[in-house]
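Here are my notes on this structure, set out as numbered points for someone meeting it for the first time. Please read them with the model open beside you, and look up each place as it is mentioned.

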Amino acid sequence: MIHTLEWTEQGVRFLDQTKLPTEETYVTCNTHEQVADVIRNMVVRGAPAIGVAAAMGIALGVKNSTAESPGDLKRELDQICDVIGKTRPTAVNLFWAIRRMQEKFERIRIRPVTQIKQGLIEEAQRMHAEDIAANQAMGRHGATLMPADGGVLTHCNAGALATAGYGTALGVIRAAVEEGKKIHVYADETRPFLQGSRLTAWELMKDGIPTTVISDNMAGAMMRQGKIKAIVVGADRIAANGDVANKIGTYTVAVLAKEHGIPFYVAAPISTVDLACLDGSQIPIEQRNAQEVSHIAGKQMVPDGVAVENPAFDVTPAQYIAAIITENGIARSPFDISLRKLTAQEVEVHP
Ligand code: MRU
């Protein structure tokens, strides 16, 4: 079991993903500002994990508050949410988590301050547990789409490390393997941050799932050689029409998949669906530091003064997507209708 992040008596503990695959070390945050930093610096990353981290960061900030009335606590909660909300703009799970913590506050604001704090801590822990359960459900749905044997390509890391546990895209692969399917994973290395080679390969190795790392520019050749039977990736935000924002390079993979007649699947929880974004053009794309591209392991690879771009995500239009796998079931085209149906399913609300 990989403990990506957890609530402890000492604070919120994160497996430091910037140190993988060579060092398995943990960072404990005692303040919400520290949690904001670990999200921004990608000690923790992946849309669902960012959401749960945000909730835990908010719970931590509220726990540390000296406010004596619900009104004062609410003012602090707003400031905490503001700090957490300014970390990474693309993964909608961050804003979903903030909204959920705010809604929880509203439901219990008539209680004494100590009970409000406890309620918010419990809500963050519940979100952690729910995320794992959602991934397992997604796995069960998605496993039916995986080939009985053969290569499955994935991009970036949409595994246990990108969630509270089990994973979305890798959860689908894990579930298929648990059902006895003989899957060999091809993991795109995922320049520039190398989530595929550093993280996906690391966690699949731990599970004994056969994995081959390829550099991103090899994906087309692997498809042409018949090595890839299906593709499954995660998502950072899914627009109402089914356009999907995911790690930069996903779009390239999806276009290649179409050309080679290979099904391209997206696995993501309902918390990643943003019906307020009508299509992918409305999804904000995070621009990260140029040094992530110009330097590799601290060594400069680009001449001084040359322009560098570093968009962290791209948008894959819905037309390239065979299906979107969620915990509530599988959505297919037309996605504007199927996604709406899946997102409308009842959710349990705890007072
Ligand atoms: O920049 P990152 O590492 O946070 O990007 C992660 C991805 O793009 C993942 O594929 C996505 O969040 C889905 S994670 C289940």
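1. A good place to start is the meeting of the two domains, where 29 residues of domain 1 are in contact with 34 residues of domain 2. The domain assignment places domain 1 at residues 5-136 and domain 2 at residues 140-344, and the centres of the two, taken over C-alpha atoms, are separated by 25 Å. Please keep in mind throughout that this is a predicted model.

2. The next point concerns enclosed space. There are 2 cavities of 30 Å³ or more, and the largest cavity holds about 170 Å³ of space. Its lining consists of 20 residues, and those nearest the centre of the cavity are Arg 45, Gly 46, Ala 47, Asn 157 and Asp 236. Domain 1 and domain 2 each give at least three residues to the lining of the largest cavity, while helix H2 (47-64) and strand S9 (244-247) each supply at least two residues of that lining. Sorted by class, the lining of the largest cavity has 8 nonpolar, 8 polar and 4 charged residues.

3. The second largest cavity has a volume of about 50 Å³. Around this cavity you will find Met 42, Pro 192, Phe 193, Gln 195, Lys 247, Arg 288, Glu 292, Asn 310 and Ala 312, and the lining divides into 4 nonpolar, 2 polar and 3 charged residues.

4. The second largest pocket contains about 300 Å³ of space. Helix H10 (291-294) and strand S12 (295-296) are the elements that give two or more residues to the lining of this pocket. The full lining is made up of Thr 18, Arg 191, Pro 192, Phe 193, Leu 194, Arg 198, Gln 291, Glu 292, His 295, Ile 296, Ala 297 and Gly 298, and by class the lining of the second largest pocket has 5 nonpolar, 4 polar and 3 charged residues. A reader going from one lining to the other will meet Pro 192, Phe 193 and Glu 292 in both, that is, in the second largest pocket and in the second largest cavity.

5. Pro 192 deserves a closer look, for the peptide bond that joins Arg 191 and Pro 192 is cis, with omega about 5°, and Pro 192 lies in the loop between S5 and H7. Leu 194 has its place in the loop between S5 and H7 as well, and although Leu 194 is not a glycine, its phi is positive, at about 65°. Is Leu 194 buried or exposed, or partly exposed? With a relative accessible area of 23%, Leu 194 is partly exposed, because buried would require a value under 20%.

6. After that loop, helix H7 (residues 195-206) can be checked for its length: its 12 residues reach 16 Å from the first C-alpha to the last, close to the 16 Å expected at 1.5 Å a residue. Since 9 of the 12 residues of H7 are buried, the helix is largely enclosed by the rest of the structure. Among the buried residues of H7 are Gln 195, Arg 198, Trp 202 and Glu 203, and the buried residues of H7 pack against strand S2 (11-15), strand S4 (149-154), helix H6 (169-178), strand S5 (182-188), strand S6 (211-214) and S9. Just after H7, Gly 208 takes a positive phi of about 70°.

7. Helix H4 (residues 93-108) allows a similar check, because its 16 residues should span 22 Å at 1.5 Å a residue, and its end C-alpha atoms are 23 Å apart, which agrees. The buried residues of H4 include Leu 94, Ile 98, Arg 100, Lys 104 and Phe 105. What covers the buried residues of H4 includes helix H1 (32-40), H2, helix H3 (70-85) and helix H5 (113-143).

8. Two further loops should be inspected. A cis peptide bond joins Leu 20 and Pro 21, with omega about 10°, and Pro 21 is found in the loop between S2 and strand S3 (26-29). Cys 156, in the loop between S4 and H6, has a positive phi near 65° although it is a residue other than glycine. Cys 156 counts as buried, because its relative accessibility is 6%.

Note on methods: Residues numbered from 1 in each chain as written. Predicted model: local features only at pLDDT ≥ 70, side-chain atom pairs only at ≥ 80, totals over all residues. Heavy atoms only, no water. 1 Å grid on protein atoms, 1.4 Å probe; cavity = no way out; pocket = protein on both sides within 12 Å on 5 of 7 lines; lining within 4 Å. Points joined across faces, edges and corners; volume = space filled by probe spheres on them. Helix = DSSP H or I, 4+ residues; strand = E, 2+ residues; numbered from the N terminus. Nonpolar A, V, L, I, M, F, W, Y, C, P; charged D, E, K, R; others polar. Domains from an automatic or database assignment. Expected span 1.5 Å × (residues − 1). Buried < 20%, exposed > 50% of the residue type's maximum accessible area, 1.4 Å probe, protein only. Contact = heavy atoms within 4.5 Å.
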